[in-house]
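Student: I am new to this structure. Please pick a single part and take a close look at it, together with whatever it touches.

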Amino acid sequence: MSASVLVVCSGNICRSPLVEAMLRHRLAASALPVEVSSAGTIDWNARPMADNSALVLHEYGIDPGPHRSRKLSADLLRAADLVIGMSREHHWAVDALAADALPRTFLLGELVRLGERFGPRGELPLADWVAGVDALRPANRLARPSDELDDPMGEPLESFRVMGARADELTARLVGLLVG
């Protein structure tokens, strides 16, 4: 049975589709059956990925593929085994739409940081690994500002490259935890 990961940002045109593509690319080489998708807290009417995000993916040798933004919904959240937000505002949006998804919702940096404390998934089902990582969070579930992936929208290409480099490092570490 396949697990599902949902990556969330604001417009679903910049950070989340880039992280989605990086995760999908890395997971394709593993035996772990995981479907990766993304959505945004703002409805941008099926816009394509930002040109600079697609360019950064090409620079990493990753085909961005076709992408159209979609709006985050409670149904998408409830169907996901793991939800990865880019900033704390996305965590708050999950809380507003489907509070029952909060135990499986992390910022990308937070998930990697706490996942490395918990240890690799190994033979654990994804849900059990996620629950173990969730148990390491403080009771208020507040992630650190340093766990966020900065939004380069409206910035020059170099800002997208900085975001892409951080996303590349974090997704590599995350996939190492998930398949290790």
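**Helix H7 and its surroundings**

Tutor: Asp168 counts as buried, because its relative accessibility is 19% and the limit for buried is under 20%. The model is a predicted one. Asp168 is a place to start, since its side chain and that of Arg26 meet in a salt bridge, with N and O 2.5 Å apart. This pair links distant parts of the chain: Asp168 is in helix H7, Arg26 is in helix H1 (residues 15-28), and 142 residues separate them. Arg26, for its part, is partly exposed, with a relative accessible area of 23%. Side chains of opposite charge can pair when their charged atoms come close.

Another salt bridge stays inside H7. Arg173 pairs with Glu169, and their closest N and O atoms are 2.4 Å apart. These two residues of H7 are 4 residues apart, about one turn of the helix. An α-helix has 3.6 residues a turn, so residues three or four places apart point the same way. Arg173 is partly exposed at 31% relative accessibility, and Glu169 is also partly exposed, at 39%. Elsewhere, Glu59, Glu158 and Arg161 are joined into one network by salt bridges that share partners. The whole structure contains 12 salt bridges.

Now the packing. Two packed helices are described by the angle between their axes and the distance between the axes. H7 (residues 157-179) packs with helix H5 (residues 108-118) at an angle of about 40°, and the axes are 10 Å apart. That angle makes H5 oblique to H7. The crossing of H5 past H7 is left-handed. On the H7 side, the residues that meet H5 are Arg166, Leu170, Thr171, Arg173, Leu174 and Leu177. On the H5 side they are Leu108, Gly109, Leu111, Val112, Gly115 and Glu116. By type, the residues of this contact divide into 6 nonpolar, 3 polar and 3 charged. Arg173 thus has two roles here: it meets H5, and it forms the salt bridge with Glu169.

What else surrounds H5? Its buried residues are Leu108, Gly109, Glu110, Leu111, Val112, Leu114 and Gly115. The cover over these buried residues includes H7, and also H1, strand E3 (82-85), strand E4 (105-107) and H6. After H5 comes Gly119, with a positive phi near 115°.

One of those covering elements, H6 (residues 126-134), holds Asp134. Asp134 counts as buried, because its relative accessibility is 15%. Its side chain meets that of Arg137 in a salt bridge of 2.8 Å, N to O, and both of these residues are buried. Leaving out residues up to four places away in sequence, Asp134 touches Pro103, Phe106 and Arg141.

A last stop is Val7, in strand E1 (residues 3-9). Val7 counts as buried, because its relative accessibility is 0%. Beyond neighbours within four places in sequence, its contacts include Ser16, Val19, Glu20 and Leu23, and also Ile84 and Met86. Val7 and Thr105 are 98 residues apart in sequence, while their C-alpha atoms are 9.6 Å apart in space.

To return to H7: Asp168 ties it to H1 through the salt bridge with Arg26, and H7 packs against H5 at about 40°.

Methods. Residues are numbered from 1 along each chain as its sequence is written. This is a predicted model: local features need pLDDT of at least 70, side-chain atom pairs count only at pLDDT 80 or more; totals for chains, interfaces and linings use all residues. Side-chain values use heavy atoms; hydrogens and water are left out. Axes are lines fitted to C-alpha atoms, for helices over the stretch in contact, and angles run from 0 to 180 degrees between N-to-C directions. Angles under 35 degrees count as roughly parallel, over 145 as roughly antiparallel, 65 to 115 as roughly perpendicular and the rest as oblique. A crossing is left-handed if the near helix is turned anticlockwise from the far one by less than a right angle, and right-handed if clockwise. Contact means heavy atoms within 4.5 Å. Ala, Val, Leu, Ile, Met, Phe, Trp, Tyr, Cys and Pro count as nonpolar, Asp, Glu, Lys and Arg as charged, and the others, Gly among them, as polar. Buried means under 20% relative accessible area, exposed over 50%, partly exposed in between (1.4 Å probe, protein chains only). A salt bridge is a side-chain nitrogen of Lys or Arg within 4 Å of a carboxyl oxygen of Asp or Glu.
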